[in-house]
Amino acid sequence: MTPLPLKAASAFVLSALILTGVQGVSASDHGHDHEHDHDHTHSDHDHDHDHDHDHDHDHDHDHDHDHDHDSDSDSDIYSGYFDDEQVEDRALSDWEGDWQSVYPYLQDGTLDEVFAHKAENGDKTAEEYKAYYDTGYQTDVERIVIDGNSVTFVESGEERSGEYQYDGYEILTYQAGNRGVRFIYELEEASEDLPKYIQFSDHSIYPTDAHHYHLYWGDDRQALLEEVTHWPTYYPSELSGEEIVEEMISH
């Protein structure tokens, strides 16, 4: 499959839904990346997009977030088990920085060690895991730079930037019983070169600095929420391929 360019993502989403329906995977398939079963994903729309949460702690988004959560609770949240009232709005600053796609490391074999590790305790061979993640990680957007409200996509060396504003979050429920949250941002000024929506998933449900994330982008907000097979993944650009392997295996 040819890597998806920036503007092809929404078309990919719609065609995938039409041609194949929602494709199920097991909860163990995603390892540290996606600890849930995507089959029959649906979104929870019990809230509007102007959340007025009554928090008992304050977040100033200075990248020094201090949450009073115990490790067991954090582990449950990471695995997709949490209550609706635990979810909090997040600023784009949670993902601020210079990020690199992990897809090139899959292509050049750097991540083979990760797939071999998954195969030791999983239900697929290393080759099958690699094929699965090849679909998930696939993208032509090699870098993303986030600074304030500005998001810059770097594709084949070409930079495209736009300002994005918060458009709420959606809670997704999976067949396995666990859940995830997409934090959504909308392009302020329409552009043919940029996606109207970007949706972050990083296994966190309240303000905190992301260490990696999966990004969904396109022009159809709802169709993106139904995307279950394609989730370009980004780690800090300063990390080497070997350091990314260590991060993936340690989680």
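Select Lys130 and Asp112 in this predicted model. Their side chains meet in a salt bridge, with N to O at 3.0 Å. Lys130 lies in helix α5 and Asp112 in helix α4, so the pair ties together parts that are 18 residues apart in sequence. Colour the two by accessibility: Lys130 is partly exposed, with a relative accessible area of 26%, and Asp112 is partly exposed as well, at 34%.

Stay with helix α4 and pick Ala119, which has its place there. Ala119 is partly exposed, with a relative accessible area of 24%. Show its surroundings, leaving aside neighbours within four places in sequence: Ala119 is in contact with Lys124, Thr125, Ala126 and Tyr129. To check one of these, draw a distance between the C-alpha atoms of Ala119 and Tyr129; they are separated by 7.4 Å, and the two residues are ten apart along the chain.

Next, select helix α7, residues 241-250. Which of its residues are buried? They are Gly241, Ile244, Val245 and Met248. These cover an arc of only 105° around the axis, which puts them on the same side of α7. An α-helix has 3.6 residues a turn, so residues three or four places apart point the same way. Now turn to the face of α7 that points away from the buried side: Glu242, Glu246 and Ser250 are exposed there. To see what covers the buried residues, display β2 (97-101), α3 (103-107), α4 (112-121), α5 (126-137) and β9 (233-236), which are included in that cover. Helices α4 and α5, the two tied by Lys130 and Asp112, are thus met again here.

Move to the strands. Select β4 (residues 150-155) and β5 (residues 158-173), which run antiparallel and are joined by six bridges. Glu155 stands opposite Glu158 in β5. The hairpin of β4 and β5 has two residues between the strands, and Ser156 takes a positive phi near 55° in it.

Follow β5 on to β6 (residues 179-187). These strands also run antiparallel, with eight bridges joining them. Ile171 stands opposite Val181 in β6. Five residues lie between the strands of this hairpin, where Gly177 takes a positive phi near 105°.

Back on β5, select Glu170 and show Arg221. The two form a salt bridge, their closest N and O atoms being 3.0 Å apart. The pair links distant parts of the chain, with Glu170 in strand β5 and Arg221 in helix α6 (residues 221-225), 51 residues apart. Are these two residues buried or exposed? Both Glu170 and Arg221 are buried.

For another salt bridge, select Asp202 and Arg90, whose side chains meet at 2.8 Å, N to O. This pair links distant parts of the chain: Asp202 is in the loop between β7 (197-201) and β8 (213-218), and Arg90 is in the loop between α2 (71-78) and β2, 112 residues apart. Asp202 and Arg90 are buried. Add Asp94 to the selection: salt bridges that share partners join Arg90, Asp94 and Asp202 into one network.

Finally, zoom out to the whole chain. How many salt bridges are there? The count comes to ten. The secondary structure comes to seven helices and nine strands, and buried residues make up 50% of the 251 residues. Of the contacts with a separation of 6 or more, 66% are between residues 24 or more positions apart. With the surface switched on, the accessible area comes to about 11,700 Å², of which 43% belongs to carbon and sulfur atoms.

Terms used
Residues are numbered from 1 along each chain as its sequence is written. This is a predicted model: local features need pLDDT of at least 70, side-chain atom pairs count only at pLDDT 80 or more; totals for chains, interfaces and linings use all residues. Side-chain values use heavy atoms; hydrogens and water are left out. Two strands pair if DSSP finds at least two bridges between them. Helices (H or I, at least four residues) and strands (E, at least two) are DSSP runs, numbered from the N terminus. Buried means under 20% relative accessible area, exposed over 50%, partly exposed in between (1.4 Å probe, protein chains only). The arc is that of the directions from the helix axis to the C-beta atoms. Contact means heavy atoms within 4.5 Å. Accessible areas come from the Shrake-Rupley method with a 1.4 Å probe; for residues, only the protein chains shown count as cover. A salt bridge is a side-chain nitrogen of Lys or Arg within 4 Å of a carboxyl oxygen of Asp or Glu.
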